[in-house]
Amino acid sequence: MPISDWFSAREARRYTRVSEGASAPASDVPDGVWIKCETCHKTIYEGDLVANMRVCPSCGHHFDVPAPQRIEMIADEGSFLETDGHLAPADPLSFVAAKSYAESLEGGRAKSGLNEGVVTGTAAIDGIPVVLGVMDFRFIGASMGSVVGEKIARAFELATERRLPVVMITASGGARMQEGMFSLMQMAKTSAAVQRHLARGLPYVSVLSNPTYGGVTASFPVLADVILAEPGASIGFTGPRIIEQTIRQKLPKGFQTSEFMLEHGLIDEVVPRGELRSRLALLLNYLTPRVSDGGAS
Amino acid sequence: MARRHVMEFERPLFALEDKVVALKRMDVSADPELAAEIEALSAQIEVLRDQTYRDLGPWDRVQIARHPSRPKTEHYIAALFDDVLELHGDRSYGDDEAMFAGLGTFQGRRVVILGHRKGTDTKSNIRRNFGSPHPEGFRKAMRIMQMADKFGLPIVSFLDTAGAFPGIEAEERGQAWAIAESLATLSAVGVPVVAVGIGEGGSGGALAIGFGDRLIMLENSYYSVISPEACASILYRDSAQASSAAACLKMTASDLLGMGIIDEIVPEPVGGAHHDPAAMFVAVGTSVGRALLELSGIHREELVATRYERLRAVGAYAP
């Protein structure tokens, strides 16, 4: 049997167990919550949605995934060890507009239970040790301020030092304007950290999930050796509203989706969530340096 | 002369000046009090001019940074470099006139020049897309950065863009990809990089060529994560609140010097660079010359390592 089938079969076993409720991973979901799918408008029981990796059982719409749940989907059970979880944002500009940055931060913490919009750490994916970073859109749209940039830079540095592959799963509205230029400079900082990692011959795979935009897209995610995206994810630099306002035209259907990016040669593959873990394992198997290949080293 | 461009905060000053001009046209001999009035008003003008240009707010500076007569990249290139040779194209799609790339000689030193290029009139602005590059502009810049690295030529870049262009084709050709690759490339070139903010520093499109071993800004230039208008439309659902947003974003040269983001501010002539471009060119030439001198003779590994440390140090965290 081809290795990809083997992974899929293994995957099926792994997640059947979850849907049977033997060890439901996201026990923080309250019982009896119903959600309407924004694509097919069918009503889904949240427990079913979680068991199906937050993919609509009717139409395959991919819902947003909180970082802790994403880590459970991707990493080998019990393998994830968080790094820099204590790192928390400051308010360097004392930013106050219609809503103060301090309030937004409080809201982000309350909504996500996290200190910031990215969770980083070491993990194993099908036995392959990696450094893993997962963004959590619930925290101020996982916009990149100082702390998000710092955690990503540190994740790459850790991987470079330990000669590990990096896997980044993105979802972000872009730069965090409440941190002004501190935020913009994180684009250069994270890109520089990726550059150093790649220059040492070490692998990096990114997964763009819905939505990935702005100063985040235009930095570490698109510098990966292999760029994957989840089906139907919105991906781009400028948001559709601003583009429409600027060019005074309606945007074509399907503009800035994963499939659009694939068609324009900007990403490697669109991978449904159920196959993501096995695809990452397969890719990492190919990209992790080995002596035995006989290639130049 | 072309129609005068009056910035919001200059209106009272210009109104008074116009009044004096009108009075001067009248027959002074017919009215002996007229001469005295003109003299009094002229004195008032001096006081008002001083007030108008002394304590400029962030929004006033944004207007100066966008002033149509403000010296542009091409003017700095013409004034400061000899034997300039422009290089064209990204070797893949096209040549983006919103981005200048080329070779030049600065104070006897061979360098690579990069810069956002706004137009000087409607025709050139259309050709240059008002200084907002498409992906091929960043890819051209990146190609020339790599050339600088290969031949050991320092890079001098001039920042003046409202931002990377927000359009359908720009997205199709990978605007985010081009900017990210440019950032990664610039972070690793083994030659000195001196970036100079001369006008608008609009977000990722500015940053793509806008950091290095020295980051210098003109007194009235700005550098921001988002335009004040876009920020206002997100925060207040009203782009007319741009002036408040400009203050919130801490985007002026003096704010950024205080935050440790930039290294140096080049003072401008009273009222802004467009009041005395020749003096402005001299001042910028002096700063760039000093920066290049300080960076010369540093080994390439050390340059790259130090640049990385500079980037790594940017950020603010909770204690």
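Chain A of this predicted model contains ten helices and nine strands. Of its 297 residues, 56% are buried, and among its contacts with a separation of 6 or more, 70% join residues 24 or more positions apart. Chain A exposes about 12,400 Å², with carbon and sulfur atoms supplying 52% of that area. One local feature of the backbone deserves a note: the peptide bond from N210(A) to P211(A) is cis, with omega near -20°, and P211(A) is found in strand β7 of chain A, which covers residues 204-212.

**The interface between chains A and B**

The area buried between chain A and chain B is about 4,500 Å², and carbon and sulfur atoms give 74% of it. On the side of chain A, M177(A), M181(A) and F237(A) lose the most area to chain B, together accounting for 15% of what that side buries. The contact takes 57 residues from chain A and 47 residues from chain B.

Polar pairing is also found here, with 14 residue pairs in polar contact across the interface of chain A and chain B, both partners being at pLDDT 80 or more. Helices α5 (146-162), α6 (180-199), α8 (240-247) and α9 (258-263) of chain A each supply at least two residues of the side that touches chain B, and the largest share of that side, 15 residues, comes from α6(A). Two salt bridges are found across the interface of chain A and chain B. In one salt bridge between the chains, E150(A) pairs with R312(B), and the closest N and O atoms are 2.8 Å apart. Both residues belong to a network of salt bridges that links D84(A), E150(A), R154(A), E157(A), K189(A) and R312(B).

Which residues does S224(B) touch, leaving aside those up to four places away in sequence? They are M181(A) and L184(A) from chain A, together with G201(B), G202(B), S203(B), L249(B) and M251(B) from chain B. S224(B) lies in the loop between β6 (214-218) and α10 (228-235) of chain B, and it counts as buried because its relative accessibility is 2%, under the 20% cut-off.

Helix α10(B) is mostly covered, since six of its eight residues are buried, namely P228(B), A230(B), C231(B), A232(B), S233(B) and L235(B). The cover over these buried residues includes α8 of chain A as well as α3 (58-65) and α11 (242-248) of chain B. After α10(B) comes R237(B), whose phi is positive, near 55°.

**Salt bridges within chain B**

Side chains of opposite charge can pair when their charged atoms come close. Over all chains the count comes to 34 salt bridges, and three of those in chain B are set out below.

| Pair | Closest N to O distance |
|---|---|
| R128(B) and E74(B) | 2.3 Å |
| R117(B) and E86(B) | 2.9 Å |
| D160(B) and K118(B) | 3.2 Å |

The pair of R128(B) and E74(B) links distant parts of the chain, 54 residues apart, with R128(B) in the loop between α5 and α6 of chain B and E74(B) in helix α4 (residues 73-80). R128(B) counts as buried at 10% relative accessibility, whereas E74(B) counts as partly exposed at 26%.

R117(B) lies in the loop between β3 and α5 of chain B and E86(B) in strand β1, so their salt bridge ties together parts that are 31 residues apart in sequence. R117(B) is buried, with 8% relative accessibility, and E86(B) is partly exposed, with 26%.

K118(B) also lies in the loop between β3 and α5, while D160(B) is in strand β4, so this pair ties together parts 42 residues apart in sequence. Both D160(B) and K118(B) are buried.

**Helix α6 and two loop residues of chain B**

Helix α6(B) has 17 residues (135-151), which should span 24 Å at 1.5 Å a residue; its end C-alpha atoms are 25 Å apart, which agrees. Its buried residues include F138(B), M142(B), I144(B) and M145(B), and their cover includes β2 (99-106), β3 (109-116), β4 (155-161), α7 (168-172), α8 (175-188) and α9 (203-207) of chain B. G152(B), which follows α6(B), has a positive phi near 65°.

Positive phi values also occur in residues other than glycine, including R91(B), near 65°, and F130(B), near 55°. R91(B) is placed in the loop between β1 (81-86) and β2 of chain B and is exposed, with a relative accessible area of 64%. F130(B) is placed in the loop between α5 (122-127) and α6 of chain B and is partly exposed, at 48%.

Methods. Residues are numbered from 1 along each chain as its sequence is written. Chains are lettered from A and ligands numbered from 1 in the order in which they are written. Side-chain values use heavy atoms; hydrogens and water are left out. Helices (H or I, at least four residues) and strands (E, at least two) are DSSP runs, numbered from the N terminus. The expected span of a helix is 1.5 Å times one less than its number of residues. Buried means under 20% relative accessible area, exposed over 50%, partly exposed in between (1.4 Å probe, protein chains only). Contact means heavy atoms within 4.5 Å. Accessible areas come from the Shrake-Rupley method with a 1.4 Å probe; for residues, only the protein chains shown count as cover. Buried area is the accessible area (1.4 Å probe) that two parts lose on being put together, summed over both. A salt bridge is a side-chain nitrogen of Lys or Arg within 4 Å of a carboxyl oxygen of Asp or Glu. A polar contact is a pair of N or O atoms within 3.5 Å; within protein, one must be able to donate a hydrogen and the other to accept it, and residues adjacent in sequence count only if both atoms are side-chain atoms.
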